[in-house]
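Got the viewer open and a selection box ready? Load the model shown here and we'll walk through it stop by stop.

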Amino acid sequence: MNYITAENLTKSYGIRTLFEDISFTVNEGDKIAIVAKNGSGKSTLLKILMGRETADSGNVFVNKDIRVVLFDQEIDFDPKLSVEEFIMTLDSPPIVALKNYHRALETGNPAEMETALAEMELHKAWDLENEMAQILSQLKINDRTVAMGKLSGGQVKRVALAKLLTETRAEHRHTLLIMDEPTNHLDVDMVEWLEQYLSKARITLLLVTHDRYFLDAVCDTLWELEDRKLYLHRGSYAQYLENKAIREENLNATIDKAQNLYRRELEWMRRQPKARTTKSKSRIDAFYETEKVAKQDTSTQGLELDFEMQRLGNKILELKHISKSFGDKVILDDFSYQFQRGEKVGIVGKNGAGKSTLLNIIQGIEPADSGEIETGETISFGYFSQKGPDFKEDQRVIDFIKDIAEFYPLANGRSLSASQFLRLFLFDDHTQYSPISKLSGGEKRRLHLMSVLFKNPNFLIFDEPTNDLDLPTLTVLENFLQQFAGCLIIVSHDRYFMDRIVDHVLAFEDEGKIRDFTGNFTEYREMKKKQVDTAVKSAPAEPAKVKEEPRERKRKLSFKEERELETIEKEMPELEEKRNLLLAKLNNETDYEQISKLSAELEQISQSLESHELRWLELQEIAGT
């Protein structure tokens, strides 16, 4: 079944074109990830599909029989509502049926109860409350009575995610689920649960994420927005990178040929008199087309840089018997650690375990209850926080960086200018001279990152650096950090990022204890899983349960009901075959009117099949089989 068809979409803001003449389709069962640099138009494209913005030109056809649901970065909510009330504001029929059922229980009105029970049966809402509770539990939302206004930003995002998944589960109509960075503010356990949930669910999904392990586990198709075009890639993130490299290699070969032709044609243009023949005008037009291709800039500044940073002395950083508590909650319990030169350490643990508190104690932002911290005299911290600086919105990007320094020092007396360093982190010349107010949220996050790195610290501390950074920027940052000779501490839930960078893990476990593990993040997770498996195997076996007596067999089917059951069992495979044929036709159909007709037929077949399945279960229950 076709959900969305877009034809020749173009969208610009002023002189900046985000995308031009892009076309695509979304079909039932697709699980698509969008990959692009911040500011390329990902969020704008999602808003156009939601109907919140319009394209400058082109058309979007949304199937009238589907519902489009968005999980956005900005959550709109009434702070006075409780968590449960916020989730129950959903207006889907199963949720409404569940609310009416609870209201009937409170009033005790027999007529209301009869109507409510009929609604619960009609909309199959009996299991919905239990599933909603399971989703909330997995996302660590344990108190459903707390007011939304009292939750942290991360907790609000998790409640909104629970609401979205509940709505998707409750909605029996065809639904397109659009998710913008769903893994932000989730710890690793939650990310892995959501990963499994979405990969197994029979849903249609359009996803923006920076988490490459999550992307690979959930999606089988990637859309790449680059240079105002949309490229489609099938398969994993690694296959996408391979396809992209081949495309760029072919493009560079085309540009080389165009440049050779351009040089010859330029010489001809210079020799020509002002009066042109018709034939020469045709050649002139071809010259300008060749010039466009020849002057394309596909070069990217390499990161093979020899950094020159302040020397690290013999003493780096030593924590001695650090303890910290908030009331009865123990964050750190007699923790000691000595950092070595060039060490890259990842700090992991559940949300609220105390990771950010440890970073603040290390930098002297927050005092420890007891213990001692010794910091080397040559240590210069660079802190990339979750909050970020307060930008002067009217200041130009290049001036913001130049206020820090004019040049970034390299070895042997060389240096990079502020503009060159900005290009290194994907700020083109046009963006460099734009006011900060024109930047997207992700671009501001990238500028914050640059402001930290450009100060040339020798001890970097990153608190959730991957949140709101796009995949191209993360690749640049990873390459930078792999060559960084100083010390590095990273707090992150991004497993791929941690695996590429860190070689040592400090893991917050129970009661303020921190495990010191040598290895990357995945190796630490595998070690923990082995421990759990070993504990389960060594646990004493539960006593065998007494076998329950079989329930009393219900009445037999009447002769009429037996014939009805036989008819249903014969017709169900036929209906399934018809449904599969219609789905196959829809997947290959491009005509919108024909798509609508086939969709209507599919809806009738699906409803008939569902009715047969319900009656078959009812007759089986009567027979006691």
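Start by selecting Thr 10 and Ser 57: Ser 57 in β4 is the bridge partner of Thr 10. Zoom out a little to get strand β1 (residues 2-13), which runs antiparallel to β4 and is joined to β4 by five bridges. (Two strands pair here if DSSP finds at least two bridges between them; helices, H or I with at least four residues, and strands, E with at least two, are DSSP runs numbered from the N terminus.)

Before moving on, some housekeeping. Residues are numbered from 1 along each chain as its sequence is written, and side-chain values use heavy atoms, with hydrogens and water left out. This is a predicted model, where local features need pLDDT of at least 70 and side-chain atom pairs count only at pLDDT 80 or more, while totals for chains, interfaces and linings use all residues.

**The open sheet**

Now add β2. You have an open sheet of three strands in the order β2-β1-β4, paired antiparallel. β2 (16-27) and β4 (57-62) are at the edges with a single partner strand each, so one side of each has no neighbour in the sheet. On average, neighbouring strands in this sheet are turned by 15 degrees against each other, direction ignored. (Axes are lines fitted to C-alpha atoms, for helices over the stretch in contact, and angles run from 0 to 180 degrees between N-to-C directions.)

**Zooming out**

Show the whole chain: there are 20 helices and 20 strands. Of its 625 residues, 45% count as buried, where buried means under 20% relative accessible area, exposed over 50%, and partly exposed in between, with a 1.4 Å probe and protein chains only. Among the contacts in the chain with a separation of 6 or more, 69% come from residues 24 or more positions apart; contact means heavy atoms within 4.5 Å.

**A buried strand and its neighbours**

Select residues 204-208, strand β7. Why is this strand largely enclosed by the rest of the structure? Five of its five residues are buried, so β7 is largely enclosed. Show the side chains: Thr 204, Leu 206 and Val 208 point one way, Leu 205 and Leu 207 the other. That is the usual pattern, as side chains in a regular strand alternate between the two faces of the sheet.

Which strands pair with β7? Strand β3 (residues 31-36) does so in the parallel sense over four bridges, with Ile 34 partnered by Val 208. Strand β6 (residues 174-180) also runs parallel to β7, joined by five bridges, and there Leu 177 stands opposite Leu 205.

Add helix α7 (residues 188-200), and β6, α7 and β7 make a right-handed β-α-β unit. (To check the hand, point the strands away from you: the path from the first strand over the helix to the second runs clockwise.)

Stay in α7 and pick Glu 195. Is this residue buried or exposed? Glu 195 is buried, with a relative accessible area of 12%. Beyond neighbours within four places in sequence, Glu 195 is in contact with Tyr 213, Phe 214, Ala 217, Val 218 and Arg 495. Try a distance label to Leu 215 too: 20 residues along in sequence, 8.6 Å away in space, C-alpha to C-alpha.

**Two helix pairs**

Next, select helix α3 (residues 93-107) and helix α4 (residues 110-122), which pack at about 155 degrees with axes 9 Å apart. They are therefore roughly antiparallel. (Under 35 degrees counts as roughly parallel, over 145 as roughly antiparallel, 65 to 115 as roughly perpendicular, and the rest as oblique.) The contact includes Leu 98 and Tyr 101 of α3 and Met 113 and Leu 117 of α4.

Then jump to helix α15 (residues 441-453) and helix α16 (residues 471-483), at about 15 degrees with axes 12 Å apart. These two are therefore roughly parallel. Here Arg 446, Leu 449 and Leu 453 in α15 meet Thr 473, Leu 477 and Phe 480 in α16.

**Last stop: a hairpin**

Finish with strand β8 (residues 221-226) and strand β9 (residues 229-234), paired antiparallel over six bridges. Thr 221 stands opposite Arg 234. The hairpin has two residues between the strands, and Asp 227 takes a positive phi near 50 degrees.
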